[in-house]
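Please open the structure in a viewer that can select residues by number. The tour below proceeds one selection at a time.

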Amino acid sequence: MRRDVAVLLENAPPRRRALSEAAFVFLAVLGPSSPGPKGQVVLAVLTGVLLAWGMALLRPWEPTRAGGWLGILGLLVALSGTGAGAWVASAAELERGFSLSMAPLCVRALGMILLVAVLVWRDGQGPAQVGLAREGWAKELLLGVPVLVATYAVHLAASVLIGAVAVALDLADKELLARKGVAAALMDTGLGVPAFAAIMVLVTGFEEFVFRGFLVPRLRVVLGRWVPAVLVAAVLFSVGHFYEGTLAVFQTFVLGAWFGFVFWFRGRLLPLLVAHAAFNTISFALMLWLSKSGFLDKPPPL
């Protein structure tokens, strides 16, 4: 049964501020990804711009903004964590080639979670407005299982379509090479399945919290309707996945849209957190098995 999602819009900021917050968070999430010294300089400049932008959003110097300086402290921690993660990741890419080092990803995830939490708090909102209401949490966790099964169905349908497009455009080899690069980078982390699963709880938790829990309601305020908000959030979610291959971005968009529509239907994040983390963990376990079995050199398009 569909939940009343009106709670997600309670105390929502005005349209102009919602747009500014959405753009601010997306830019903070995306960040510069170019390796090397130039990329780090851009990162430093962007961090300064984001800090100034965050100050303008929080305006702690106003008498009516009680506790605003605490928000700025949280923002500093968030930007420091995000910046440090991107800085270390860029250095790793320069030294070792393509890298999926988990430590920078975790630092970045923690920073962004804190950043978005500060913005939600300053708007006078709480956990319920990002889909984290306490009542019925056990049922929502269990609902993650059928959502996971449906996610595989959506993933399979998107994979078939992407495979057909890749063959038609003669991109199959290029796309497969990109997927193999991601798989090899994951294997290079040396993680086992339990450790990877724990990391995914944090990393996918950040993605769902930011792209579904925060951005979808903000975009709903900006665009006036839920469907465009879900689709635009899915586009923003897919932008950060070009490293997996050009056509993989479309696949990520489909999964992002699927998760967004589930969030709109339920108004809760827990099923998505379970399904997303489990989906990534199972995919990693499959890659690990393929690697140990000697089949990693010939993986099917994912």
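**First selection: α7 and α8**

Begin with residues 193-223, helix α7, together with residues 226-239, helix α8. The axes of α7 and α8 are 8 Å apart, and the two helices pack at an angle of about 135°. Axes here are lines fitted to C-alpha atoms, for helices over the stretch in contact, and angles run from 0 to 180 degrees between N-to-C directions. Helices (H or I, at least four residues) and strands (E, at least two) are DSSP runs, numbered from the N terminus. α7 and α8 are therefore oblique to each other; angles under 35 degrees count as roughly parallel, over 145 as roughly antiparallel, 65 to 115 as roughly perpendicular and the rest as oblique.

The crossing of α7 with α8 is right-handed. A crossing is called right-handed if the near helix is turned clockwise from the far one by less than a right angle, and left-handed if anticlockwise.

Now display the side chains where the two helices meet. On α7 they include F211, L215 and L219, and on α8 they include W226, P228 and F237. Contact means heavy atoms within 4.5 Å. The residues of this contact comprise 14 nonpolar, no polar and three charged. In this grouping Ala, Val, Leu, Ile, Met, Phe, Trp, Tyr, Cys and Pro count as nonpolar, Asp, Glu, Lys and Arg as charged, and the others, Gly among them, as polar.

**A note on the model**

This is a predicted model, in which local features need pLDDT of at least 70 and side-chain atom pairs count only at pLDDT 80 or more, while totals for chains, interfaces and linings use all residues. Residues are numbered from 1 along each chain as its sequence is written, and side-chain values use heavy atoms, with hydrogens and water left out.

**Second selection: the whole chain**

Zoom out to the whole protein. How many helices and strands does the protein have? There are ten helices and zero strands. Of the 302 residues, 46% are buried, where buried means under 20% relative accessible area, exposed over 50% and partly exposed in between (1.4 Å probe, protein chains only). Among contacts between residues at least 6 apart in sequence, 81% join residues at least 24 apart.

**Third selection: α1 against α7**

Keep α7 and add residues 15-30, helix α1. α1 and α7 pack at an angle of about 150°, with their axes 8 Å apart. The two helices are therefore roughly antiparallel to each other, and their crossing is left-handed. Among the residues making the contact are A18, A22 and V25 of α1 and F206, V210 and F214 of α7. The contact divides into 13 nonpolar, no polar and three charged residues.

Just before α1, select N11, which is found in the segment preceding that helix. Phi of N11 is near 60°, a positive value in a residue other than glycine.

**Fourth selection: α1 against α4**

Replace α7 with residues 102-122, helix α4. The axes of α1 and α4 come within 11 Å and cross at roughly 170°; the two helices are therefore roughly antiparallel to each other. E21, F24, V25, A28, V29 and L30 in α1 meet R108, M112, L115, V116 and L119 in α4. These residues comprise nine nonpolar, no polar and two charged.

**Fifth selection: three single residues**

Is T204 buried or exposed? T204, in helix α7, counts as buried because its relative accessibility is 0%. Leaving aside neighbours within four places in sequence, T204 is in contact with L273, H276, A277 and N280. T204 and L272 are 68 residues apart in sequence and 9.0 Å apart in space, C-alpha to C-alpha.

Next select L58, in helix α2 (residues 36-58). L58 is buried, with a relative accessible area of 1%. L58 and V118 are 60 residues apart in sequence, and their C-alpha atoms are 9.1 Å apart.

Finally, select L114 in helix α4. L114 is partly exposed, at a relative accessible area of 32%. Between L114 and L76 there are 9.8 Å, C-alpha to C-alpha, and the two are 38 residues apart in sequence.

**Last selection: annotated spans**

The unreviewed UniProt entry lists several stretches as "transmembrane region", including residues 41-58 and 248-265. UniProt positions are given in the numbering used here, feature names are shortened, and annotations may be inferred rather than shown by experiment. Residues 41-58 are 100% helix and 0% strand, with end C-alpha atoms 26 Å apart. Residues 248-265 are 100% helix and 0% strand, and their end C-alpha atoms lie 26 Å apart.
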